[in-house]
Amino acid sequence: MEIQGAALCALFAGLTLAETVLVRVAFCIAVLAVAGGVFIFFLVPHIVLVKTMYRDPKKPRYRGYSEGALPQSEENATDHQKMFMRGIAWAEKHKDKICDLKIVSDRLNLYGQYVDFGYKKCAVIIQGRTESLLYSYYFADVYAQNGYNILVIDTRAHGLSDGKYVTAGVLEHRDLVKWIELIETQYGVKSFALHGICIGAAGAIYAYGALKKAGKGAIIEKLVLDGLYTSYYQVFKNHHIERKKPVIFVPFVLFYLFLRTGARLFKWAPIKYIKNVDCPALFIWSEQDFYVKPSKGRELFAACPSQYKELRFFPRGRHSHVRINQTEEYDSTITDFLQK
């Protein structure tokens, strides 16, 4: 302490009172600037994380439309609202065949529904972020028409299921494996098609890799990947760019997510895990997708080693809103793929 005090005395020696005050003011400003910067880089990513990938466990859980009330008719509805409304209508039409299901994964209670048409195959539809299983029903009809029972799920932190954080398929894929095992055991189904939308598509390829590693990959007959991204960092960054928000905080958001959940979203990237996919796979994107540009789609398709893979770009639709803009073409593409 004496040495430090002597050093400070030497520093200020020979300075006038005014100069000494200026030095001290500059030092205080520098300290405040550093502290403020640290505070901002902690606070802003935390706010973004809470707003985008966190669900308050104290809030009521529901399967309704995530952005508020749905309109009375489709006349003035957005594409997203139409998809949700049609999913609800499809479920209502087949409610006599719907069974409520539950599993426990990572000590979380997770809920789903199984539509049993008596077929020997099952299509598992995995929704994107902020959705519930009611939304997933929107994609069900083409599979039902091609001889598949339907499994839809409230992924963790969605719908009625437990969970606080969304991890873009990293932790969710473990739940998906358990759902598949439940349907296999309880209903005797030995053949599955996985239809994933956005982060649901990422979860589908992670689950396939896990099943393959366990020697059960053959149970997955087909993969349909709608709006798959090369990495969640890439698609999350493009969300910020579209909304004119600073992208500098994006890596910190994903880092804080790792601190809270252990999910390494830089390590777990579809462009790395697509190399495990050797089953038939159909890749679907829109040419208007801002979040996953066509070049990224082609990169993923090229990296997939499957000998039975198909690539389809549709001319219209935002990210994951392809089917609502060209329903017949979308369904016929999937039908052709399932029947090969």
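Which helix gives the most to the lining of the largest pocket? Keep that in mind as you click through this predicted model.

**Stop 1: the largest pocket**

Start by selecting Lys-51, Thr-52, Ser-66, Arg-129 and Thr-130. Of the 48 residues lining the largest pocket, these are the closest to its centre. The pocket itself has a volume of about 1400 Å³.

Now colour three helices: helix 2 (17–53), helix 3 (79–93) and helix 8 (232–242). Each of them supplies at least two residues of the lining. And the opening question? It's helix 2 that gives the most, with 7 residues.

If you colour the lining by residue class, you'll get 20 nonpolar, 15 polar and 13 charged residues.

**Stop 2: Arg-55**

Next, pick Arg-55, which sits in the loop between helix 2 and helix 3. Is Arg-55 buried or exposed? Its relative accessibility is 17%, so Arg-55 counts as buried, the cut-off being under 20%.

Show what surrounds Arg-55. Setting aside neighbours within four places in sequence, Arg-55 is in contact with Arg-61, Ala-157, His-158, Gly-159, Ser-161, Asp-162, Gly-163 and Lys-164.

While you're here, draw a distance from the C-alpha atom of Arg-55 to that of Thr-130: you should read 9.6 Å, for two residues that are 75 apart along the chain. You've met Thr-130 already, among the residues closest to the centre of the largest pocket.

**Stop 3: the second largest pocket**

Keep Arg-61, Gly-163 and Lys-164 selected. These contacts of Arg-55 are also among the lining residues of the second largest pocket. To complete that lining, add Pro-57, Leu-108, Arg-156, Tyr-165, Thr-167, Leu-171, Arg-260 and Thr-261.

How much space lies in this second largest pocket? About 210 Å³. Its lining divides into 4 nonpolar, 3 polar and 4 charged residues.

**Stop 4: helix 6 against helix 7**

Last, hide the pockets and show helix 6 (residues 172–187) with helix 7 (residues 199–213). The two pack at an angle of about 65°, and their axes are 8 Å apart. Turn the view until one helix lies over the other, and you'll be looking at a right-handed crossing.

Which residues of helix 6 meet helix 7? Select His-173, Leu-176, Val-177 and Ile-180 on the helix 6 side; across from them, helix 7 brings Gly-203, Ala-204, Tyr-206, Ala-207, Ala-210 and Leu-211. Coloured by class, this contact shows 8 nonpolar and 2 polar residues, with no charged ones.

How values were computed. Residues numbered from 1 in each chain as written. Predicted model: local features only at pLDDT ≥ 70, side-chain atom pairs only at ≥ 80, totals over all residues. Heavy atoms only, no water. 1 Å grid on protein atoms, 1.4 Å probe; cavity = no way out; pocket = protein on both sides within 12 Å on 5 of 7 lines; lining within 4 Å. Points joined across faces, edges and corners; volume = space filled by probe spheres on them. Helix = DSSP H or I, 4+ residues; strand = E, 2+ residues; numbered from the N terminus. Nonpolar A, V, L, I, M, F, W, Y, C, P; charged D, E, K, R; others polar. Axes fitted to C-alpha atoms, helices over the stretch in contact; angles between N-to-C directions. Left-handed = near helix turned anticlockwise from the far one by under 90°. Contact = heavy atoms within 4.5 Å. Buried < 20%, exposed > 50% of the residue type's maximum accessible area, 1.4 Å probe, protein only.
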